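Visitor: I am new to this structure and would like a close look at a single part of it. Please take the strands and the residues packed around them, and go through them in order.

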Amino acid sequence: MEAPPTDVIAVSERAARKIVALARREGRTDPILRVRVTAGGCSGFGYRLSFEDAPAGDDHVIVGAEGVRVLVDPRSAPIVAGSTLDLDESLMGGGLKMRNPRAVHECACGESFSV
């Protein structure tokens, strides 16, 4: 049984289009992306993004444009609550980015943060 959709985070339309493109490149017909907060990095936490075949029973499922589903596990949800998954199109350091209003410090590398 799939978990009901929830809005722990928002997914921008630009990010949704990029997720679809990346999923297709990997041969996936269902664009399901997991966002996970991991311990580590210069500032204490980092994000890990990976494609999944299906949500786990306790995942928060965010439905975005283009049929994209973004999964957030219960341990990561309080840390990313209120965030937006967006696309940064910078030439250096661009890609999918979490815009987290709870992050009080982000490392200069852009890969880690603290809350």
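Guide: A residue is called buried when its relative accessible area is under 20%, and exposed when that area is over 50%. The model shown here is predicted. I62 has a relative accessibility of 2%, so I62 counts as buried. This residue belongs to strand β4, which covers residues 60-63. I62 and V11 are 51 residues apart along the chain, yet their C-alpha atoms are separated by 7.9 Å.

Next come the paired strands. Strand β2, residues 32-39, runs parallel to strand β5, residues 69-72, and four bridges join the two. One position in this pairing is I32, whose bridge partner in β5 is R69. Strand β2 is also joined to strand β3, residues 45-51, by seven bridges, and here the strands run antiparallel. In that pairing, R36 has R48 of β3 opposite. In a regular strand, side chains alternate between the two faces of the sheet.

A helix residue makes contact with several of these strands. V80 is part of helix α2, residues 77-80. The relative accessibility of V80 is 0%, so V80 counts as buried. Leaving aside residues up to four places away in sequence, V80 touches V8, I9, V37, Y47, V72, M98 and N100. Of these, V37 falls within the range of β2, Y47 within that of β3 and V72 within that of β5. V80 and R99 are 19 residues apart in sequence, with a C-alpha to C-alpha distance of 8.9 Å.

Conventions. Residues are numbered from 1 along each chain as its sequence is written. This is a predicted model: local features need pLDDT of at least 70, side-chain atom pairs count only at pLDDT 80 or more; totals for chains, interfaces and linings use all residues. Side-chain values use heavy atoms; hydrogens and water are left out. Two strands pair if DSSP finds at least two bridges between them. Buried means under 20% relative accessible area, exposed over 50%, partly exposed in between (1.4 Å probe, protein chains only). Contact means heavy atoms within 4.5 Å.
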